[in-house]
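Student: I am new to this structure and would like to go through it step by step. Could we begin once it is in front of us?

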Amino acid sequence: MELATLLAQAGLISDPVTRAISTPIYQTATFNHPLGAPPGSYAYSRSANPTRSVLEQVMATLDGGATAAAFASGLAAIDAVVRLLGPSQGKRIIVTEDPYGGTIRLLDTYFRPHGLEPVYVDTADTQAVERELAAGAIALLVEIPSNPLLRVADIDRLAIACKESGSVFIVDNTFLTPYLFRPLAHGADIAVYSATKYLGGHNDLVAGVAVCRNKELGDRLRLVQNAVGAVLGPMDSWLLLRGMKTLAVRLERQQENALYLANYLASHPQVQQVLFPGLPDSPGYARLKNLAAGFGAMLSFYVKSPDQVEKVLSRVKVFSYAESLGGVESLITFPARQTHADLAPEIRERLGINDRLLRLSIGLEDREDLRRDLEQALG
Ligand SMILES: Cc1ncc(COP(=O)(O)O)c(C=O)c1O
């Protein structure tokens, strides 16, 4: 079946007793466990919960993986994936140099003191990644497109490089979702998501999912999920399933809106540069066109002077000035102050995550309202 069908019918009639159309919410911590209960039956909701199991099954199917596991946040999913690698003294992990700031915080402030060595590179530069992999690494973690610079990595070639170097290939596919891009079909070993974003889609929950291509990695992921216990609760699992049902229509419209606004901003006299892989002159355009079924609905832009940032943020009315992305409501983010505030200022400056860069998550509002809002805010 097509992805739009799988999404619309996510969790349909998953309860064999009542045959409810909507997945029931099994709001229970534990399960009666009669003597001689078959192995694998439900025992305790940290280990497995039927509502969460439906969500995990849907995600595994959408991504074409052997196992999916749902977590209390995207960062909890990334944390579990890094743990399953067995991070230990001197092991290197190669990471996109402009990922979500929280990923850097997790790797640098938690895993680095325990011996893991994160190495940040521009993962759109295939040769630079190949050099680092050749020097030895337990894994490569790529965000596609990167955040907030929207760079696009050559996933197919990086999958080959990972195979050659024996590194686990992890793709953070939060921005595109399986509807637009399926990393496992392109050779990745694990796809991770902040499901808080497009999958959930309504800015009303925090959740994460990791999907493993093979059972061996999947079993290790499940072990971490159960051992650490940062699981997604039944209510939020249901909310996420419900959000996912409309992912296809949401993303189609959101990316149409994003392309329209990217073109508008690109010709605005106060805007110096627009970063959006859907613009044909963008460096990531050809690559993403080859890899994915769309360009997503995230875009960033540089205004000409830093004082315009304050002006825009104070004037916007349709856009909300808030962290996060992927919901039906459009958001404007100032990465240097919000999502990437934890990065060292010199790294931010080198990357271009500076005091003139704004990021937009384009929602489902009427595109003319969004354009007019930017017009009046840019003045
Ligand atoms: C690409 C990406 N990955 C991971 C995360 C972390 O997810 P969460 O906020 O759900 O923990 C985020 C959050 O913004 C993100 O944008």
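Student: How many residues does the largest nonpolar core have?
Tutor: Bear in mind that this is a predicted model. In general, nonpolar side chains in soluble globular proteins tend to be buried together. Here the residues with the most contacts inside the largest nonpolar core are L140, A210 and L299, and the core has 115 residues.

Student: Which helix gives the most to this core?
Tutor: The helix in question contributes eight residues to the core and spans residues 74-84. The name asked for is α3.

Student: Where does this core lie with respect to domain 1 and domain 2?
Tutor: The chain is divided into domain 1, residues 3-244, and domain 2, residues 247-378. Both of these domains give residues to the core, so the core lies between domain 1 and domain 2.

Student: Which residues does A210 touch, not counting those up to four places away in sequence?
Tutor: A210 is one of the residues with the most contacts inside the core. With residues up to four places away in sequence set aside, A210 touches A68, A69, A77, A80, V81, I190, V192 and L221.

Student: How many residues of the side of domain 1 that touches domain 2 are nonpolar?
Tutor: The C-alpha centres of the two domains lie 25 Å apart, and the contact takes 33 residues from domain 1 and 35 residues from domain 2. On the domain 1 side, α1 (3-8), α4 (101-111) and α7 (177-180) each supply at least two residues. That side includes seven polar and six charged residues, while the nonpolar ones number 20.

Student: Is A230 buried, partly exposed or exposed?
Tutor: A230 is found in the loop between α8 (215-228) and α9 (234-244). A residue needs 20 or more C-beta neighbours within 10 Å to be buried and 12 or fewer to be exposed. Because A230 has 18 such neighbours inside 10 Å, it counts as partly exposed.

Student: How far apart in space are A230 and F71, C-alpha to C-alpha?
Tutor: Beyond its neighbours within four places in sequence, A230 is in contact with F71, A72, A76 and A80. Although A230 and F71 are 159 residues apart in sequence, their C-alpha separation in space is 5.7 Å.

Student: How many residues of the shell around the ligand are polar?
Tutor: The ligand is surrounded by 14 residues, of which the closest are S73, G74, L75, Y100 and S194. Helices α3 and α4 each supply at least two residues of this shell. The shell has three nonpolar and two charged residues, and its polar residues number nine.

Notes. Residues are numbered from 1 along each chain as its sequence is written. This is a predicted model: local features need pLDDT of at least 70, side-chain atom pairs count only at pLDDT 80 or more; totals for chains, interfaces and linings use all residues. Helices (H or I, at least four residues) and strands (E, at least two) are DSSP runs, numbered from the N terminus. Two residues are in contact if their C-beta atoms, placed from the backbone, lie within 7 Å. A nonpolar core is a set of buried Ala, Val, Leu, Ile, Met, Phe, Trp, Tyr and Cys residues joined through C-beta atoms within 7 Å. Domain bounds come from an automatic or database domain assignment. Ala, Val, Leu, Ile, Met, Phe, Trp, Tyr, Cys and Pro count as nonpolar, Asp, Glu, Lys and Arg as charged, and the others, Gly among them, as polar. A residue is near a molecule or strand if its C-beta atom, placed from the backbone, lies within 6 Å of it.
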